[in-house]
Every structure is written in C-alpha cells, then in structure tokens.
Amino acid sequence: MDTKYRIGVMPGVWPAGPEGRDFLWRFIDVCERTAIDSVWFSERLSSPLPVPEPMTTMAAVAARTRRLKFGPSVLITPFRPPAVMAREIAMIDYLSGGRMLPAFGIGVEQEREFLAAGVPFKERGRRTDEAIAIMRRCWSENEVTFEGEFWRLDRITVLPKPAQQPMPLWIGGNSEAAMRRAGRLGDGWIPSFIPPARLASGVVQTQRFATEAGREVPADHFGVLVNFCFAEDRAAARALAGPFIPRGRVDDATLEACTAFGPPELLRERLEEYVAGGASKFIVRPMCAPDRMLEQLARMADEVVPAFHRK
C-alpha cells in the first residue's frame with residue numbers, strides 16, 4: 001500500500017473579541033496558500049477561552065477555500081441527534097466537493113456540558129455508538145428505518161448524499177474504549193496527548209479490536225494530534241508555550257514525550273517517532289499566543305510539511 005503522509009493544523013488559543021473574526025480568515029488563508037493539508041476545530045460546549053464552533057466554522061471554511069480539507073477534532077457525538085448531524089455533515093461535504101473529514105468522540109469528562117446539552121453523562125458512550133450506526137446508514141442508504149435504544153427513524157432520507165462514498169468516519173480519544181470503538185465502528189483512530197510508544201501499542205490494540213469485529217482499519221488511517229511551539233532552544237519554546245498548556249491533562253513526562261517545544265527539527269523528529277509507531281496523518285497545533293500563531297504556522301508549513309508530504 002502506498003501510504004500518504006499528511007499534516008493538518010488546529011488553531012491554538014483564539015483571540016477574544018471582534019478581532020477573532022479577522023484572525024479566522026487570516027488563519028484560513030495561510031493554510032489555503034501553503035502546503036498544509038487540512039484544518040481542524042475542537043468542540044467545547046462551555047470553555048473559558050474562545051473556541052470556534054466546528055460545524056458552522058467548517059461550512060464557512062468550505063466557502064472560503066478551494067483545496068483545503070477540514071474536520072472536527074472531534075465532534076462530541078452525543079450532543080446532536082444523529083440524523084441531524086448526518087444531514088449537516090453530508091451537506092458540507094457535498095458543497096465542498098468532498099473535503100470534509102469527520103472525527104467523533106464522546107467528549108470531555110465534564111458532566112455539566114452534558115447537562116446543558118440535555119444528555120445523561122452516563123449514556124454518552126452508548127449514544128455515540130448508536131449515532132455512528134445511524135449516520136453511516138443515512139450517508140449510504142436511500143431510506144433509513146431504525147429502532148434503537150435512543151433514536152427511532154421512520155423512512156428517513158438524507159439528500160444530497162456526501163460527495164465521498166463511503167464517507168470516512170474517524171474516532172478520537174486515548175482510552176481503550178476509544179480504540180475499541182475505532183476498531184468496531186470507525187475508519188481511523190486519532191488520539192491526542194499520547195506518547196509515541198503508547199500510540200504504537202494503540203494501533204495494535206485497535207487492529208485487534210477490528211479483527212474481533214470482523215473488520216480491518218486501513219493501515220494508513222492512524223494519526224495523532226501534536227502540540228508544538230517554535231523557538232531556537234527548548235527552554236525558550238517551553239516558556240512561550242507554558243501559559244497555554246492545559247493543566248492536569250497529562251504529567252510532565254508524558255507532555256515532554258508527546259509535544260515539540262523547540263526548533264522545527266524537533267517537531268520533525270517527533271513526527272518521525274509517531275511514523276515509526278504507525279501514524280501517517282497528523283494534526284499539529286501551535287501552543288503560543290495568538291499574535292505568534294500565524295508566523296509559527298507559516299514556518300511549520302515551510303520547514304516541516306514538505307518533507308512529510310513527499311514521503
């Protein structure tokens with residue numbers, strides 16, 4: 001199999017206030033005019049920092065660009081009725097000519113977000129599994145009738161269909177449950193804040209779960225999100241990134257192993273470590289202040305992307 005290595009980006013900390021609108025378009029324009037493959041948007045229902053809402057932002061990106069791909073990393077699947085979500089995703093993929101890359105997860109461990117969405121926190125895993133089954137059918141079948149634990153569909157038709165057939169469906173998350181979901185139901189697995197060694201073992205686990213389900217996840221459908229910050233030495237880069245590092249997400253040793261705070265060659269080395277573990281698709285996120293983000297992205301596009309896209 002001819003594996004394609006691709007690097008996409010996720011915006012870091014977003015500017016607060018009206019200037020965030022202009023920043024979005026400057027961010028997207030940098031990605032569109034360089035070799036960056038795709039742009040990704042995180043989802044939070046409630047966040048202390050500005051976070052672009054992924055579904056509406058992806059629709060805007062589809063209209064603004066011609067070749068850039070885009071996706072959510074990840075859509076919190078239980079927040080939306082699956083038939084509605086399938087309709088929205090299908091329409092954006094149709095309008096963009098097949099540039100949508102949907103990835104799904106169960107969301108963060110904060111029950112208050114699920115209460116706000118009207119979703120019982122303890123049902124989020126089962127709802128995600130059922131939603132995935134419904135969306136796949138809505139994207140491929142002309143008329144869907146379904147009777148599940150949470151949703152009932154009576155002769156539902158989603159038109160237009162996505163431009164991509166079959167529509168790819170990736171799973172996010174670091175847990176064994178996420179790997180199991182990717183093996184049973186997904187077309188790919190893309191975790192974050194995971195060291196290269198753990199990614200490698202997760203690829204093996206995911207394929208084992210797929211085999212148990214009578215499936216196979218394509219070998220080039222494994223990826224990872226990597227946070228980076230460029231400076232001439234590691235200490236300076238870590239100082240720039242420090243205020244934006246999520247607190248309590250991972251311990252210091254794990255953070256060191258799964259990030260690249262230093263010169264561009266460090267990010268290249270880190271991505272090669274993930275390549276050795278089975279990854280070929282990457283989302284990199286500049287962990288720095290907004291006024292440095294576009295410069296960091298442009299440098300990454302010049303000094304890191306070409307070597308991987310030529311593989």
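# Reading pockets, packed helices and unusual backbone spots

Modeller: Let's start with the second largest pocket: strand E1 (6-9), E2 and E12 each supply at least two residues of its lining. Keep in mind as we go that this is a predicted model.

Biologist: Thanks! Which strand gives the largest share of that lining?

Modeller: That is E12, which contributes three residues to the lining of the second largest pocket.

Biologist: How many residues line the second largest pocket, and which ones lie nearest its centre?

Modeller: The lining has 19 residues, and those nearest the centre are Asp-37, Lys-69, Leu-101, Trp-170 and Lys-281. The volume of this second largest pocket is about 420 Å³. Sorted by class, its lining holds seven nonpolar, five polar and seven charged residues.

Biologist: And what is the volume of the largest pocket?

Modeller: For the largest pocket, the volume is about 1400 Å³. Its lining is made of 48 residues, and Ser-42, Arg-44, Val-108, Arg-249 and Arg-285 are the ones nearest the centre. If you want to find them in the viewer, begin there!

Biologist: Which helices and strands supply at least two residues each to the lining of the largest pocket?

Modeller: Look for strand E2 (38-41), helix H6 (176-185) and strand E12 (281-286). H6 gives the most, with three residues. E2 and E12 should sound familiar, as each of them also supplies at least two residues to the lining of the second largest pocket.

Biologist: What classes of residue make up the lining of the largest pocket?

Modeller: There are 27 nonpolar, 13 polar and eight charged residues in that lining.

Biologist: Now for the helices. What describes two packed helices?

Modeller: The general idea uses two values: the angle between the axes and the distance between the axes. Let's try it on helix H3 (residues 82-96) and helix H5 (residues 124-140), whose axes are 9 Å apart and meet at an angle of about 45°. That angle makes H3 oblique to H5.

Biologist: Is the crossing of H3 and H5 left-handed or right-handed?

Modeller: H3 passes H5 in a right-handed crossing. On the H3 side, the residues in contact are Pro-82, Ala-83, Met-85, Ala-86, Ile-89 and Ala-90, and they meet Ala-131, Ile-134, Met-135, Cys-138 and Trp-139 in H5. By class, this contact has 11 nonpolar residues, with no polar and no charged ones.

Biologist: What about H1 and H11: at what angle do their axes cross?

Modeller: Helix H1 (residues 19-33) and helix H11 (residues 290-303) cross at roughly 10°, and their axes come within 10 Å. Angles under 35 degrees count as roughly parallel, so H1 is roughly parallel to H11. In this contact, H1 offers Phe-23, Arg-26, Phe-27 and Val-30, while H11 offers Pro-290, Met-293, Leu-294, Leu-297 and Ala-298. The contact of H1 with H11 counts eight nonpolar, no polar and one charged residues.

Biologist: How does H1 pack with H2?

Modeller: H1 and helix H2 (residues 54-64) have axes 11 Å apart, at an angle of about 55°. The two are therefore oblique to each other, and their crossing is right-handed. Here Leu-24, Trp-25, Ile-28 and Asp-29 of H1 meet Thr-57, Ala-60, Val-61 and Arg-64 of H2. This contact includes five nonpolar, one polar and two charged residues.

Biologist: Last topic, the backbone. What do most residues and peptide bonds look like?

Modeller: As a general idea, most residues other than glycine have a negative phi, and most peptide bonds are trans. That gives you a background for the next few spots.

Biologist: Which peptide bonds are cis here?

Modeller: One runs from Ser-73 to Val-74, with omega near 0°. Val-74 sits in the loop between strand E3 (69-72) and strand E4 (75-76). Another joins Gln-165 and Pro-166, with omega about 0°. Pro-166 belongs to the loop between strand E7 (152-156) and strand E8 (170-172).

Biologist: And which residue has a positive phi although it is not a glycine?

Modeller: Arg-155, whose phi is about 55°. You can find Arg-155 in strand E7. Happy exploring!

Technical notes
Residues numbered from 1 in each chain as written. Predicted model: local features only at pLDDT ≥ 70, side-chain atom pairs only at ≥ 80, totals over all residues. Heavy atoms only, no water. Axes fitted to C-alpha atoms, helices over the stretch in contact; angles between N-to-C directions. Helix = DSSP H or I, 4+ residues; strand = E, 2+ residues; numbered from the N terminus. Parallel < 35°, antiparallel > 145°, perpendicular 65-115°, else oblique. Left-handed = near helix turned anticlockwise from the far one by under 90°. Contact = heavy atoms within 4.5 Å. Nonpolar A, V, L, I, M, F, W, Y, C, P; charged D, E, K, R; others polar. 1 Å grid on protein atoms, 1.4 Å probe; cavity = no way out; pocket = protein on both sides within 12 Å on 5 of 7 lines; lining within 4 Å. Points joined across faces, edges and corners; volume = space filled by probe spheres on them.
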